[in-house]
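Me: Could you take a close look at one part of this model for me, the open sheet? I'd like the strand order and what packs on it, with the cut-offs spelled out.

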There are 2 protein chains.
Amino acid sequence: MPVLKNISALYTCPPDGGQHDVGEIRNAAMVWADGQIIWSGPEPDLPKIYKGYLTYDARGRMVIPGLIDCHTHLAFGGWRADEFEMRSLGRSYLDIAKAGGGILSSVDATRQAAPEKLLEKCRVLISHIVKLGVTTIEAKTGYGLDLDTELSVLRVYRQLNNIGLIEIIPTYLGAHTIPPEYSKDRRKYMRTIINTVLPMVNIEGSARFIDVFVEDSAFTADEARRILMAGMEFGLRAKVHADQLSACGGAELAAEVGAVSADHLERVTDQGIQRLSKTGVVAVSLPLASFYLKQPPLPARKLIDSKVPVAVATDFNPGSAPSWHLPLAMTMACTMQSMSPAEVLKGATAYAARAISVDDTLGSLQPGMQADFAIIDAPDVNHWLYHFRPNACVATYKKGRALHDVSETEAVYPWY
Amino acid sequence: MPVLKNISALYTCPPDGGQHDVGEIRNAAMVWADGQIIWSGPEPDLPKIYKGYLTYDARGRMVIPGLIDCHTHLAFGGWRADEFEMRSLGRSYLDIAKAGGGILSSVDATRQAAPEKLLEKCRVLISHIVKLGVTTIEAKTGYGLDLDTELSVLRVYRQLNNIGLIEIIPTYLGAHTIPPEYSKDRRKYMRTIINTVLPMVNIEGSARFIDVFVEDSAFTADEARRILMAGMEFGLRAKVHADQLSACGGAELAAEVGAVSADHLERVTDQGIQRLSKTGVVAVSLPLASFYLKQPPLPARKLIDSKVPVAVATDFNPGSAPSWHLPLAMTMACTMQSMSPAEVLKGATAYAARAISVDDTLGSLQPGMQADFAIIDAPDVNHWLYHFRPNACVATYKKGRALHDVSETEAVYPWY
């Protein structure tokens, strides 16, 4: 039953409360046992019963729930660095596709990648991601599209869960784009998803969510509805890539089908926001995608003012958001999306947990929650997200056990 | 005479050539001795004479000149995290100043800081900065403003040079803002700079540049001219904070006085660009300041098209650019400023060296240059700046000696 003391600020991030409610406790302590939080509160209130137990010293640093990246496309073959250069010089998406780039080039590379190589690549990425304080990530398919590769990617995610460093919440995104072999018959591809791939995903029990990219260049709202309903019949919960490049009714669809989240929303309409606010759908903001694509971000303040919970995630993928640096996305959410550091912290913990339906155990440090937490070398959340550094996280704990811990050896940052 | 082999791409970054000319050599090798580059070129061309020498293996990674951060405000007391929260929620600069924030709060904190604490703070920051591959930084005064504190900060910079981890190029920026004790007599403050502080800076020989913040809220172009001319009479070269928040003639003044650089330039006019292009002034772009302040960036493409060399730096300071992460600034220069990764690399090496008049020895890996270099765990510059990670640098060498080196112990990144 370890005790962590001398915490400058502990953020319990209660699952309820508003966007700003991060349950800040200054000069705090925390106790955990058997992978669960037992007690958290002001250090002077620490019950005497815990005083004889193994005690760690946070050395005046802050503690947060383990970060949750609730929107990633983790497994893919290859990278698309040359597209980045083309985009930086103003080449259009069409130019890039003509030059053999774009999402289909990642589909091609993913199909060609051996599953063992994909697994090893993801394993190494996760070993880096964990050091940022991230303890759970959602991970989508969608770069295979065909039956074999989609199932193979889901098996990679299952095996990563078995390795156990980080928790992976898998999402089936067969409806990411129309694969080239179906380019002349999109209805046939939809039938393949519904009649062939989904039943196999169900048999393997390898996905928790079904996601669709609703966009002019991908799937219409009507097509998306059919696919989401089919997935929901197999017990998957719905997520929607909504209103990223144009207002296509993605937010409205998410509300209609009772999706757990509507992601992107850069172009969401006021009507879409109203629909979301009535149904409890989480809005997942992806500032790195806005940054890399030079797009305006989603209207976070309007969403928050309408009581829509706003999560913050990376959208990590090889094209439009090639970074898994969640704390960078969080700092960007402050500047680009006009959210306060506390609001952003809530969005990458409790609300991120809600966006992937794990908020009963994850995303908060209240007693009874899983002991996933990170020690951040900053006095409070404002200092942390204001002063961007390569990595301010000095320890990451999953179920009460250290995945990464340099908190005793690394000097406290000069916050004076 | 060590030899470094198996370099995927070596960027020699010649001092001349255009913005895009980074002297890329694929499958390269490099030789150095006594702190200088002796040979660099394709590995198959490595002269036989070097084959018996101590050989390091770059393991297929890329090598660049040590990065140069040519615009920082390194030494300051305190931090201003709560202002960041206020700005994220839309509070204005005036609101923040009324709440006791802004630049004058840093002046206050810097005056109150013991020089030993400032030195220790800078020393720790530098120990982190070096790990990013940065080997030289320019550092300004300007948070002391009074004689004692300005000289004290310059002595801190001198002592940091004596410690020798990184090279510090010191700039006197007494004309950063009008200090509160002179708020009713700005002419008196200018006389203090010219007649009191500058002669002492000269006696101590502790600055190489003089800089002025030309802005409605700081100094007019006429005032700046007087201060710069006075500094130049003491042998300092001129730099100008120009056209950041409004077009105040800063670029034109930089051209007129033969400044080595004009920094910021977010609001530079076409006429200002023309003046710069005729005089060889380096334009120093500061994308982190644009990012943190939600301002449009400088017109980098117009500057490049007009043959103005564009450097890239952090502007690290506690208010408008609270990050010393130069590679993040570089990725931002690609997205926000529409510069290619190669153009940005040139801007943070050879052109950054030119912006602080050290391009005779630094910023390039051609034979005869100082052996300051970094090993970056990426196959080429496009991959590096595209895929933002906490830190892709695995080794930093200054004058041929390792300041930081995990290149042998850290696994090569999964670039497949």
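Reply: Sure, here's the sheet. In chain A, eight strands make an open sheet in the order β6-β7-β8-β9-β10-β11-β12-β13, and the pairing is parallel. At the edges sit β6 (67–69) and β13 (310–312) of chain A, each with pairing on one side only. From one strand to the next, the twist averages 25 degrees.

Some ground rules before going on. This is a predicted model, where local features need pLDDT of at least 70 and side-chain atom pairs count only at pLDDT 80 or more, while totals for chains, interfaces and linings use all residues. Side-chain values use heavy atoms, leaving out hydrogens and water, residues are numbered from 1 along each chain as its sequence is written, and chains are lettered from A and ligands numbered from 1 in the order written.

As for terms, strands (E, at least two residues) and helices (H or I, at least four) are DSSP runs numbered from the N terminus, and two strands pair if DSSP finds at least two bridges between them.

Back at the β6(A) edge, three bridges link β6(A) in the parallel sense to β7 (residues 134–140) of chain A. There, A:L67 sits opposite A:V134 of β7(A).

Further in, helix α7 (residues 221–233) of chain A lies across β8 (167–175), β9 (209–213) and β10 (237–242) of chain A. Contact here means heavy atoms within 4.5 Å. The helix runs at about 175 degrees to β9(A), with axes fitted to C-alpha atoms, for helices over the stretch in contact, and angles from 0 to 180 degrees between N-to-C directions.
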